[in-house]
Amino acid sequence: MKLYLDVILLCNRPEEGLDAGDIGTVVEQHHVEGLETGYSVELFDLLGNTIAVATLPGSYLRSPTSADIPTVMILSEGDRP
């Protein structure tokens, strides 16, 4: 995954307030010998506000495709960190 490209989260991360399907931007790549490559991903709301920055293994992420359709979830104020 290249820096500054969008990625899609493949699994829920309730401890970070993230849901599968959330879209973020790769902001850093982490290489640790003997471990899967990890990525720091910044996730935004539709107004451009950061909702989370999470460090995730590459297997939790995928690149968007032309088959993806963005959707909107209406959340109450307390549903996001």
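User: Is Glu16 buried, partly exposed or exposed?
Analyst: This is a predicted model, where local features need pLDDT of at least 70, side-chain atom pairs count only at pLDDT 80 or more, and totals for chains, interfaces and linings use all residues. Residues are numbered from 1 along each chain as its sequence is written, and side-chain values use heavy atoms, leaving out hydrogens and water. Buried means under 20% relative accessible area and exposed over 50%, with partly exposed in between (1.4 Å probe, protein chains only). Glu16 has a relative accessible area of 21%, so its class is partly exposed.

User: Which residue forms a salt bridge with Glu16?
Analyst: A salt bridge needs a side-chain nitrogen of Lys or Arg within 4 Å of a carboxyl oxygen of Asp or Glu. For Glu16, the closest N and O atoms of the pair are 2.9 Å apart. The partner of Glu16 is Arg13.

User: How far apart are N and O in the salt bridge between Arg13 and Glu15?
Analyst: The side chain of Arg13 also meets that of Glu15 in a salt bridge. Glu15 is exposed, because its relative accessible area is 57%. From N to O, the distance between Arg13 and Glu15 is 3.3 Å.

User: Is Arg13 buried or exposed?
Analyst: You have now met Arg13 as a partner of Glu15 and of Glu16. Its relative accessible area is 16%, so Arg13 is buried.

User: How many salt bridges does the count come to?
Analyst: Besides the pairs of Arg13 with Glu15 and with Glu16, the side chains of Asp68 and Arg62 meet at 2.7 Å, N to O. Both of these partners are partly exposed, because Asp68 has a relative accessible area of 27% and Arg62 one of 29%. Salt bridges with shared partners join Arg13, Glu15 and Glu16 into one network. The count of salt bridges comes to three.

User: What is the volume of the largest cavity?
Analyst: Think of a 1 Å grid over the protein atoms alone: a cavity is a set of points where a 1.4 Å probe fits but cannot get out, and its lining residues have an atom within 4 Å of a point. Points join across faces, edges and corners, and the volume is the space filled by probe spheres set on them. The count gives one cavity of 30 Å³ or more. The volume of the largest cavity is about 30 Å³.

User: Which element gives the largest share of the lining of the largest cavity?
Analyst: Among the residues that line the largest cavity are Val7, Ile8, Leu9, Val41 and Leu43. Two elements give two or more residues to this lining, strand E1 (6–9) and strand E3 (38–44); strands (E) are DSSP runs of at least two residues, numbered from the N terminus. The largest share, three residues, comes from E1.

User: What separates the C-alpha atoms of Ala52 and Ile8?
Analyst: Ile8 is one of the residues lining the largest cavity. Ala52 belongs to strand E4 and is buried, because its relative accessible area is 11%. The two residues are 44 apart along the chain, and their C-alpha atoms are separated by 14 Å.

User: Which residue has its C-alpha atom 8.2 Å from that of Ser59?
Analyst: Ser59 sits in the loop between strand E4 (50–57) and E5. At 45% relative accessibility it is neither buried nor exposed, so Ser59 counts as partly exposed. The other C-alpha atom lies 23 residues away along the chain and belongs to Glu36.

User: How far is the C-alpha atom of Leu35 from that of Pro57?
Analyst: Leu35 lies in the loop between strand E2 (23–30) and E3. With a relative accessibility of 61%, Leu35 counts as exposed. Leu35 and Pro57 are 22 residues apart along the chain, and the separation of their C-alpha atoms is 9.1 Å.

User: What is the phi value of Tyr4?
Analyst: Look at the segment before E1, where Tyr4 is found. Tyr4 counts as exposed, because its relative accessibility is 60%. Tyr4 is a residue other than glycine with a positive phi, near 70°.

Key. 1 Å grid on protein atoms, 1.4 Å probe; cavity = no way out; pocket = protein on both sides within 12 Å on 5 of 7 lines; lining within 4 Å. Helix = DSSP H or I, 4+ residues; strand = E, 2+ residues; numbered from the N terminus.
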